[in-house]
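Student: I'd like to take a close look at one part of this model, the helix packing, and then hear how the rest fits around it. Could you walk me through it in one go?

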Amino acid sequence: MMEMHSFKKTPQVVSLLPEKQAEVTAKELFCFLSELCEWSQSCPLVYRGGLDRGKVIYLLFRDFAFSGDDFWQTFGQYFYVMNSRWKLDVFGTAYPSQETVWLTLEEKDGQCYGIQNTVSGKEVDTIHSFCLKIECGSCEEAHILQNLFRSDDWRKGIIVADWKYHQFFEKENIENHWENSCFCYGSLFEEVEPSDYLHALTLEQKVTLWTGFLENGFDYKEFEWLYLRISERAVENRVEWELALHIAMQNLMYTIRVSERGFELYDAQSERKYFNFNSRQYAQMAFLKILFPVNI
């Protein structure tokens with residue numbers, strides 16, 4: 001975005017005196033972004049730009065305002081450390097002039113400075129919206145981070161991803177759980193509960209879980225977590241689980257006939273499916289508790 005304007009430095013220059021870490025991992029980057037979410041009270045929209053969708057990722061935090069001084073005081077250390085591995089820049093809009101503001105780092109004579117640049121060269125007190133540009137080391141890294149950013153529950157610091165990202169989690173020092181589960185779960189914080197993993201799942205991921213059970217009989221670990229939460233009458237967003245089950249059954253062309261005393265479930269080939277609450281499968285018990293929350 002800096003290519004779109006002729007920027008001039010403003011008088012606002014903040015001296016930073018942090019120390020670089022020997023090695024920066026993606027966990028530090030995710031923690032930085034998590035704190036940005038808390039600071040802005042919003043979660044980012046994630047885009048990837050450049051030729052062939054390239055090495056650059058943009059995270060857009062909408063509908064909030066901040067000052068450059070406040071940003072550097074709060075995140076100067078983080079920004080400096082992250083910059084040793086990823087090139088970071090921040091963009092926003094000045095009010096009321098509507099000119100673009102660019103915040104970046106500049107190193108000179110062994111010192112590091114937070115620099116504010118504007119089109120007019122005039123210092124801006126209040127900046128609206130927050131667009132973070134992250135330049136990665138490769139297109140492959142940008143692709144991985146883009147997918148994980150979009151799979152992150154920023155409030156809980158939990159990343160829900162495919163198993164193929166397990167090695168990336170280990171390499172980047174991100175605590176993870178994946179045993180017998182449909183998804184691999186990365187965690188930025190300690191003392192994560194299974195209910196936190198459940199809460200981090202998107203509707204689409206819940207549809208995937210139900211599809212795996214109905215189509216292939218998979219009794220994923222997530223169903224154990226779900227059944228226990230249902231039994232405690234503490235499951236969050238229960239109607240979303242019901243909607244996900246409904247979508248999965250529609251996608252598989254399942255039909256269901258429900259009465260006060262029972263139900264009949266048929267697959268796309270009109271073959272009847274039988275489920276029992278005395279089953280050892282948590283998926284079956286969770287399925288029945290979703291269908292009959294009062295009767296069972």
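Student: At roughly what angle do the axes of helix α1 (residues 26-40) and helix α3 (residues 139-150) cross?

Tutor: Keep in mind that this is a predicted model. The axes of α1 and α3 cross at roughly 40° and come within 12 Å. That angle makes α1 oblique to α3, since angles of 35 degrees or more but under 65 fall outside the roughly parallel and roughly perpendicular classes. As for handedness, the crossing of α1 and α3 is right-handed.

Helix α1 has another packing contact to look at, with helix α2 (residues 68-82). Here the axes are 10 Å apart and the angle is about 165°. So α1 is roughly antiparallel to α2, and α1 passes α2 in a left-handed crossing. Put together, α1 is oblique to α3 and roughly antiparallel to α2, with a right-handed crossing for α3 and a left-handed one for α2.

Now follow the chain through the strands around these helices. Strand β2 covers residues 45-49 and strand β3 covers residues 56-66; the two run antiparallel and are joined by five bridges. If you want a spot to zoom in on, try Tyr-47, whose bridge partner in β3 is Tyr-58. Strand β3 also pairs with strand β7 (residues 127-135), again in the antiparallel sense, over eight bridges. In that pairing, Phe-61 has Phe-130 of β7 as its bridge partner. So β3 has β2 as one partner and β7 as another.

There's a backbone detail worth a click in the loop between β4 (87-94) and β5 (100-108), which is where Pro-96 lies. The peptide bond leading into Pro-96 from Tyr-95 is cis, and its omega is near 10°.

Next comes an open sheet of four strands. Its order is β8-β9-β11-β10, and the pairing is antiparallel. The edges are taken by β8 (152-153) and β10 (175-177); each has a single partner strand, so one side of each is left without a neighbour in the sheet. For β10, look at strand β11 (residues 184-187): three bridges join these antiparallel strands. Within that pair, His-177 stands opposite Tyr-185 in β11. Just ahead of this edge strand sits another backbone oddity. Asn-173 lies in the loop between α4 (166-171) and β10, and its phi is positive, about 65°, although Asn-173 is not a glycine.

Further along there is an internal void. The structure holds one cavity of 30 Å³ or more, and the volume of the largest cavity is about 60 Å³. Its lining is made up of Ser-195, Leu-198, His-199, Arg-229, Ala-234, Val-235, Glu-236 and Trp-241. Helix α5 (residues 194-200) supplies three residues, the largest share of that lining. Sort the lining by class and you get four nonpolar residues, two polar ones and two charged ones.

A second open sheet has three strands, in the order β12-β13-β14, with antiparallel pairing. Here β12 (255-258) and β14 (272-273) are the edge strands, each with a single partner strand, so one side of each has no neighbour in the sheet. Strand β13 (residues 263-266) and β14 run antiparallel and are joined by two bridges. To find the register between them, use Leu-265, which stands opposite Lys-273 in β14.

Finally, back to helices, with one more pair to set beside the one you asked about. Helix α6 (residues 203-216) packs with helix α9 (residues 282-291) at an angle of about 115°, and their axes are 11 Å apart. α6 and α9 are therefore roughly perpendicular to each other, and α6 passes α9 in a left-handed crossing. Going round the three pairs, then, α1 is oblique to α3, α1 is roughly antiparallel to α2, and α6 is roughly perpendicular to α9.

Terms used. Residues are numbered from 1 along each chain as its sequence is written. This is a predicted model: local features need pLDDT of at least 70, side-chain atom pairs count only at pLDDT 80 or more; totals for chains, interfaces and linings use all residues. Side-chain values use heavy atoms; hydrogens and water are left out. On a 1 Å grid over the protein atoms alone, a cavity is a set of points where a 1.4 Å probe fits but cannot get out, and a pocket is an open set with protein on both sides within 12 Å along at least five of seven lines; lining residues have an atom within 4 Å of a point. Grid points are joined across faces, edges and corners, and a volume is the space filled by probe spheres set on the points. Ala, Val, Leu, Ile, Met, Phe, Trp, Tyr, Cys and Pro count as nonpolar, Asp, Glu, Lys and Arg as charged, and the others, Gly among them, as polar. Two strands pair if DSSP finds at least two bridges between them. Axes are lines fitted to C-alpha atoms, for helices over the stretch in contact, and angles run from 0 to 180 degrees between N-to-C directions. Angles under 35 degrees count as roughly parallel, over 145 as roughly antiparallel, 65 to 115 as roughly perpendicular and the rest as oblique. A crossing is left-handed if the near helix is turned anticlockwise from the far one by less than a right angle, and right-handed if clockwise.
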